[in-house]
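These entries record a look at aromatic rings and the charges placed over them. I kept to what could be looked up directly.

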Amino acid sequence: MTVEVEGLVHFWDERGIQVVVLVSFALQVFLLVFGGVRRRSSSTMLRVALWLGYMLADSTAIYALGHLSIGRRPREHQLVAFWAPFLLLHLGGPDTITAYALEDNSLWLRHLQTLVVQALGVAYVLYKYMAGSETSLLLASISMFVAGLVKYGERIWALKCGTINNIHRMHYNAHIRQNSEDRYFDRFVTGDRSEEEILLQAHCQFHISSDVFRGEGMDLYKLVEMELSILYDVLYTKMAVTHTWYGICIHIISLLCTATTFLLFQLRGMRDGHNRVDVIISYVLLVGASLLEAMSLCRALLSSWTRYLLCCRSWNRLFHVVTSLRTLVQPARRRLWTYSIGQYNLLHLATRDKTELMTKLAESRLGKWLGLKDWWNKLHFSGTFSSNDSLSVEGLKELVLQELQRAQLDEILYFRSRGRATLEEMGAYKGRTRWSVEIDIDQSIIAWHIATDMYIQESKAQHEPKLIKATTALSNYMMFLLMRRPEMLPGRVQDMALILLPLEVVSRTCSADRQASPTSLGQRLKHLFHHEGPFRSRIPQRAELIKTLFQIWKARKIPEDVPHEISENFASIETSTLLAQELLDLDKLESRDTLELIFGVWVEMIVYSAQYCTQDSYAKQLSNGGEFITIVWVLAHHQRCLDKIKFSP
């Protein structure tokens, strides 16, 4: 063991800096390739990998620079000092990710301090090892040093610009913004709009309050999704700087310096006395830096931001050239939302099989002490909405848009209605339904969530299958926000255990057969890493639970074996049952479908909740794939502006 440890120590002393430098370069490639994927993906594995890459990228480069500044190198390893400017370039990071979290933008002063310290460190390394070296190698090092300075400076400026307060202070002149929209639509948009045209429209409307909007149907969704994608660019990438004239200059300077360094290093040829591995690593760094900078410049010149600027300045030929090149790869499509709508169902959770291994562990005394119960219940029993035969994600979005077009948006947006407008329209704003939309938002969500499941289960009326699925999806989505994203809802969130315990007690009295627990090791592992969403899972158990809840309400008697401290919490369950009964009574009226009413109430609740969500909460979710509530909120404001244009004299 001692010999092996000594061997590892010797290897690290001899090759450690080479390994660290290559790792630093590999992290830059990883961040460049995957840094922008998270705008469309909510994958936990991707987030963890990006977080590790983002944190390691800076710490690895700083460690290597510190190692170079205090270490001693023999003559055959003189090229190691040549790598110091490359590490400063790596600290500048790729264009696709400057901040992992929104809070990183507020640390721009810390990065400025790091720039000063690390620049002095690089200068010290070059003076220490390169002062007496050949001229071509010294000039190559200085050239790369300049590239590293401007790239790291660009990252710091992007962090400073990537705050909520700076979103409305973009670098376009007011008169250009004022006139660009009409000029674009008059000249470039004819017939059906492509995704590239919708993206350009999103740029035009990003800085204004949608004074002029010409679009309907699903194009509205694409517009909103692309606007939010542009917001992601400002907050988490270098686009707030890159699309400016000095941003383009930074890219050109950086590329020219990198190319100059490569040429100077190539002209000097292979010199005796340098370690062969060091020479190979130097070429890897040079070629890699040149390619990355060239790709970065091409991305900037062909970006939608550049296309928008060309349109604003009436540079028609360049505009059409960029448009033609972008059409070949269709990058606008990658800005669209990935349609991930979270789902959570209380009745599904209440009927879970408590004999499963992980559930038993989470609900044990040790699991409760470690907080595993809440973590497991939130993570394992949540899911995402998926398309099926009766309703696709596009169908759900279309139904929500139709409801927003029909709804009284002024009532919802400015008079803070969260169901009242829909209930008043149908003459149902009374009794328990009225009370249910005037209580705290978390209690309102719970009451309508349980009542929605109970109504759909017991209603004898004929409903469209897609409307049933859509209503269930919105109900489960609001419960998902309450359980997994409470920061996106207004007000406090009560202890869900107070609601869950009575449901669990009633569930234990149901006679529906439980699903068989996995027995083999493979089945248990598959179940462990599988998110058991509320769709197509324990349907008979939930139906039996609903029937039992109605029986308890009709008998006006709580089961005798229920402890007193739990029976006190049956009031909330009784409220949901009473609400469900009132909704069932509405079926007897020959008016609008009650399920349409329930769907309208859920749409109002989403818009109401979005009104009170903080800007920081919206911005943070953009880095995790975004949330449907954000899209609906922006969509409602666009639809209201469109309504004004349609009905204005």
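Entry: charges over rings. I began with Lys160, whose charged end sits over the ring of Trp108 at 5.5 Å from the ring centre. I noted that the model is a predicted one. I then looked up Lys397 and found its charged end over the ring of Tyr221, 4.8 Å from the centre of that ring.

Entry: ring pairs. I searched the whole structure for aromatic pairs and obtained eleven. I looked up Phe82 and Phe86, which form one such pair, with 5.4 Å from centre to centre and 80 degrees between the planes. I recorded this pair as edge-to-face, because an angle over 60 degrees counts as such.

I next looked up the burial of both residues. Phe82 has a relative accessible area of 0% and is buried. Phe86 is likewise buried, at 1% relative accessibility.

I then turned to Trp375 and Trp376, whose ring centres are 6.3 Å apart and whose planes meet at 45 degrees, so I entered the pair as tilted. I asked myself whether each partner is buried or exposed. Trp375 is partly exposed, with a relative accessible area of 45%. Trp376, at 4%, is buried, because the limit for buried is under 20%.

Entry: cluster. Which residues do ring pairs link together with Phe82? I found Phe86, Phe265 and Tyr283, which ring pairs join with Phe82 into a cluster. I noted again that Phe82 and Phe86, both in this cluster, form the edge-to-face pair entered above.

Note on methods: Residues numbered from 1 in each chain as written. Predicted model: local features only at pLDDT ≥ 70, side-chain atom pairs only at ≥ 80, totals over all residues. Heavy atoms only, no water. Phe/Tyr/Trp six-rings, centres within 6.5 Å; stacked < 30°, edge-to-face > 60°. Buried < 20%, exposed > 50% of the residue type's maximum accessible area, 1.4 Å probe, protein only. Lys NZ or Arg CZ within 6 Å of the ring centre and 35° of its normal.
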